[in-house]
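Hi,

Here's the structure I promised to pass along. Have a look when you get a minute, and my notes are underneath.

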Amino acid sequence: MKSAYFLVAFALLAFASSFVSAYDPSPLQDFCVAINDTKNGVFVNGKFCKDPKLVVANDFFFSGLDEPGNTSNVVGSVVTPVSVEQLLGLNTLGVSLARIDFAPYGGLNPPHTHPRGTEILVVQEGTLYVGFVSSNQDKNRLFTKVLNKGDVFVFPIGMIHFQLNIGKTPAVAFSAFSTQNPGTITIADALFGSNPTINPDVLTKAFMLDKNVVKYLQSHF
């Protein structure tokens with residue numbers, strides 16, 4: 001009987017560990033401020049750690065999210081990230097942030113995915129049409145909502161999602177992530193703008209398009 005309990009406990013531990021390893025590991029110290037100088041650091045979780053005795057308040061500080069981003073681009077949106085790359089004090093803490101600005105009349109944060117974190121978004125100004133698509137196993141169901149000022153929406157880790165400004169004025173949203181570095185894969189850029197380019201035969205069959213259309217799309221990314 002004891003061996004049975006042991007096996008169950010071991011299985012649960014292994015099961016839990018599989019989830020833990022899919023996210024940022026829990027820190028084993030108060031903080032681990034990232035440092036780019038490898039001579040005076042210890043490598044931890046993708047970054048070298050600054051000597052704790054040399055850590056200062058500015059290592060945990062970032063300024064500028066009050067400033068609107070420039071949305072004068074083809075999609076009409078811009079993301080201002082605050083991940084471990086911009087705020088070194090986030091290293092090993094498992095959180096990050098971003099500001100997203102949208103141009104009026106259709107500013108779009110195009111379909112993309114964050115492979116390393118769940119995103120929770122709150123609208124500060126404007127009206128956004130947002131949504132995500134579930135996995136193949138869930139028959140690619142689309143979950144959408146129109147968000148107004150103060151509304152919140154969650155995009156589960158790894159799901160393809162988007163945000164579109166359907167209002168007549170600029171829109172602003174803030175997102176928080178369950179990781180210090182969520183990563184971003186923009187679907188159209190990855191498929192039609194990869195380096196080197198994907199063989200057009202692959203995309204022609206996958207999207208059921210004429211090869212000339214695929215080549216045209218590849219030329220625009």
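Below is what turned up on the nonpolar cores and on one buried polar residue, N109. Keep in mind that this is a predicted model.

Let's start with the cores. The largest nonpolar one has 13 residues. Those with the most contacts inside it are F102, L121, L128, V130, L147, F153 and F155. Two or more residues each come from β5 (96–102), β7 (119–125), β8 (128–133), β10 (152–155) and β12 (171–177). The top contributor is β8, which gives three residues. As a general background point, nonpolar side chains in soluble globular proteins tend to be buried together.

If you want one residue to click on in that core, try V130. Leaving out residues up to four places away in sequence, V130 touches F143, T144, K145, L147, F153, F155, F162 and Q163. There is also a second, separate core of eight residues, and V82, L87, V172 and F174 are among them.

Now for N109, which sits in strand β6 (residues 108–113). Why does N109 count as buried? Because its relative accessibility is 9%, and the cut-off for buried is under 20%. With residues up to four places away in sequence again left out, N109 touches S77, V79, I100, F102, F162 and Q163. Its side chain also makes a polar contact of 2.7 Å with the side chain of Q163. Along the chain, N109 and V78 are 31 residues apart, yet their C-alpha atoms are separated by 7.6 Å.

Cheers

Terms used:
Residues are numbered from 1 along each chain as its sequence is written. This is a predicted model: local features need pLDDT of at least 70, side-chain atom pairs count only at pLDDT 80 or more; totals for chains, interfaces and linings use all residues. Side-chain values use heavy atoms; hydrogens and water are left out. A nonpolar core is a set of buried Ala, Val, Leu, Ile, Met, Phe, Trp, Tyr and Cys residues joined through side-chain atoms within 4.5 Å. Buried means under 20% relative accessible area, exposed over 50%, partly exposed in between (1.4 Å probe, protein chains only). Helices (H or I, at least four residues) and strands (E, at least two) are DSSP runs, numbered from the N terminus. Contact means heavy atoms within 4.5 Å. A polar contact is a pair of N or O atoms within 3.5 Å; within protein, one must be able to donate a hydrogen and the other to accept it, and residues adjacent in sequence count only if both atoms are side-chain atoms.
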